[in-house]
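Me: I have a model open in front of me and would like to go through it with you, one question at a time. Could you reason through each answer before you settle on it?

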Amino acid sequence: MLQSGAGMRVGQLAVAIGILALWELCARRGWVDASLLPPPSQIARHVVALPTEAEFWNAVGSTLSAALTGLLIAVLVGVPTGIAIGASAPVYRTTRLLVDVCRSFPVVALMPVLVLLMGTTPKMLVVVATLATVWPILLQSSYGARSVEPLVSDTARAFQIPARYRFTHVLLPTAAPYIATGIRIAATFALLVTIGTELLSATPGLGREIAQAQEGANFPLVMAYVFYSGVLGLALSALLSRAERRLLAWHPSARIAE
Amino acid sequence: MNRQTLHAAQALWLPVLLVALWWWGSAGSTSIYFPPLSKIVALTWEDLVRGPLPGFIAFSLGNLAAGLALAIVAGISLGTVLGWYPLALRLLDPVLQFFRAMPKVALVPLFIGALGIGALPKIYSIALGCVWPILLNTIDGVRGVEPGQLEMARAYRIPLALRLWRVILPAAAPQIVAGVRVALAIGVVVMVVSEIYGAQQGVGYYVLNASRAFDVAQTWGGTLLIGLIGYLLSTSFVIAEQWFLRWHYLRARVLGLNA
């Protein structure tokens, strides 16, 4: 975020260690509730132990596969629909209210209905992840399509470029950076919603592990799972930013940024 | 027909058509899982007028308001300090980035486990989820104040408190408000999660309770109600934002900037 020399790195590390030490002290002395903030040393033990357990990797696998499948479906549906909506002003105005309502819908509230309909299955998680992520992607794609300069779209129309080529050669390239941002936001959101739904519905995955550790009153284990959920989110968004830079290197916005 | 009515008609016909299709399409439905929309609306209305729903809605919205208020106070004050002292920000940056990435809904069980199923743990969970976008946007907003304005304020020896209140915070306000808008959406999600996880009242509890009792129509009704609340909250926030920042939009229009 900011320039960081070696001295700054040391300082940052010192601050992080200082915060952990203070936390450890508070937890040891009983100044905070140990069931709310268990001491970092106990959390660290679980953080080290978890990757050696098959159960952990199974949970990571089912959470990731549900979140990513949902994200993929959302991209396949959301990008073309969003571009189609953004490419035409009347269609954009017609669908705006509908998209606004759907976008502001808290998807976790659908969980009880979906559990009634589909049970606590991986398929249900995929549906939740899709419904949660399709709107940001659709919205970003439509903003992207709307950002096509009038001169360009007029030229395409004057030359009577067929709709198919207008989509692949004008709309899609212009909207690409917007779509990439939408997908990056949606990816962390997919993970969050998947874990939240697992937590509430006891569907297999990281969320259920958290709920079970909590029921067993193993609070450091809860925090260790929360830690890995955070790491997973950071890794996913770092991976996507890298892919974005690689894939959009040709785009003017990427060149200006450098 | 003037332009405004035309636009309103354009925006409304599709949602109205979809609701009408659902209404007529489900009218004779005997499926357990897809009860007629008329029945869903009737039962939910019943609970709204005579049932527990008004109290539940007040409980949920009260928690949301308290949690968001806590997050706003904490986020703006900490964000102003960190935006003001670049060194402190740089030292804390990795810690902040990590906490921001943690899935806040995963912490709901810890809060409810430690503090019980009352209102307080829900307020804390909401505040913890909401504080990050406000904090980060405040930092960016404070750092983005034009240096010229700050130097001018310093040259006239305007006291720090006044400088903060009249120069820095107004300049950062658009960014802070944008952060609060994101936080509101997160807050609604955390509110619902915390009520489904463990509660004895609230709209999330209403939905969960209905689904446990296999009252499918009420489950649908509560879900639609939460969607409506979410939409109304985000729409009224946008309206409030336009009013609160009217000077900003006005200035942007006069100067020909992008608001």
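Reply: Gladly, and a first point to take up is Ala217(A), which has 10 other C-beta atoms within 10 Å and is therefore exposed. Please keep in mind throughout that this is a predicted model.

Me: Where is Ala217(A) found in chain A?
Reply: The backbone at Ala217(A) has a positive phi of about 55°, although the residue is not a glycine. Most residues other than glycine have a negative phi. As for its place in the chain, Ala217(A) lies in the loop between helix 9 and helix 10 of chain A.

Me: Is Gln160(A) buried or exposed?
Reply: Gln160(A) is placed in the loop between helix 7 (150–158) and helix 8 of chain A, and its phi is positive, near 50°, in a residue other than glycine. A residue counts as exposed if 12 or fewer other C-beta atoms lie within 10 Å of its own. Gln160(A) has 7 such atoms within 10 Å, so its class is exposed.

Me: What does the secondary structure of chain A come to, in helices and strands?
Reply: Read from the N terminus on, the elements of chain A run α-α-α-α-α-α-α-α-α-α-α. The C-alpha trace that carries them spans about 75 × 55 × 30 Å along its principal axes. The secondary structure of chain A comes to 11 helices and 0 strands.

Me: What percentage of the residues in chain A is buried?
Reply: To count as buried, a residue needs 20 or more other C-beta atoms within 10 Å of its own. Chain A has 258 residues, and the buried ones make up 40%.

Me: How many angstroms separate the centres of domain 1 and domain 2 of chain A?
Reply: Chain A is divided into domain 1 (1–37) and domain 2 (38–257). Where they touch, 8 residues of domain 1 of chain A are in contact with 5 residues of domain 2 of chain A, and the side belonging to domain 1 has 5 nonpolar, 1 polar and 2 charged residues. Taken over C-alpha atoms, the separation between the two centres is 31 Å.

Me: Which helix of chain A gives the most to the side that touches chain B?
Reply: Between the two chains, 49 residues of chain A are in contact with 44 residues of chain B. The helices of chain A that each supply at least two residues to this side include helix 1 (6–29), helix 4 (89–103) and helix 10 (219–247). By class, the side of chain A has 33 nonpolar, 12 polar and 4 charged residues. With 9 residues, the helix that gives the most is helix 4 of chain A.

Me: How are helix 8 and helix 9 of chain B oriented to each other?
Reply: The axes of helix 8 (residues 160–197) and helix 9 (residues 203–212) of chain B come within 7 Å and cross at roughly 45°. Helix 8 of chain B passes helix 9 of chain B in a right-handed crossing. With that angle, helix 8 of chain B and helix 9 of chain B are therefore oblique.

Me: How do the residues of that contact of helix 8 with helix 9 of chain B divide by class?
Reply: Helix 8 of chain B brings Met191(B), Val192(B), Glu195(B) and Ile196(B) to the contact, while helix 9 of chain B brings Val203(B), Gly204(B), Tyr205(B) and Leu208(B). Gly counts as polar and Glu as charged. The residues of this contact divide into 6 nonpolar, 1 polar and 1 charged.

Definitions and conventions: Residues numbered from 1 in each chain as written. Chains lettered and ligands numbered in written order. Predicted model: local features only at pLDDT ≥ 70, side-chain atom pairs only at ≥ 80, totals over all residues. Axes fitted to C-alpha atoms, helices over the stretch in contact; angles between N-to-C directions. Helix = DSSP H or I, 4+ residues; strand = E, 2+ residues; numbered from the N terminus. Parallel < 35°, antiparallel > 145°, perpendicular 65-115°, else oblique. Left-handed = near helix turned anticlockwise from the far one by under 90°. Contact = placed C-beta atoms within 7 Å. Domains from an automatic or database assignment.
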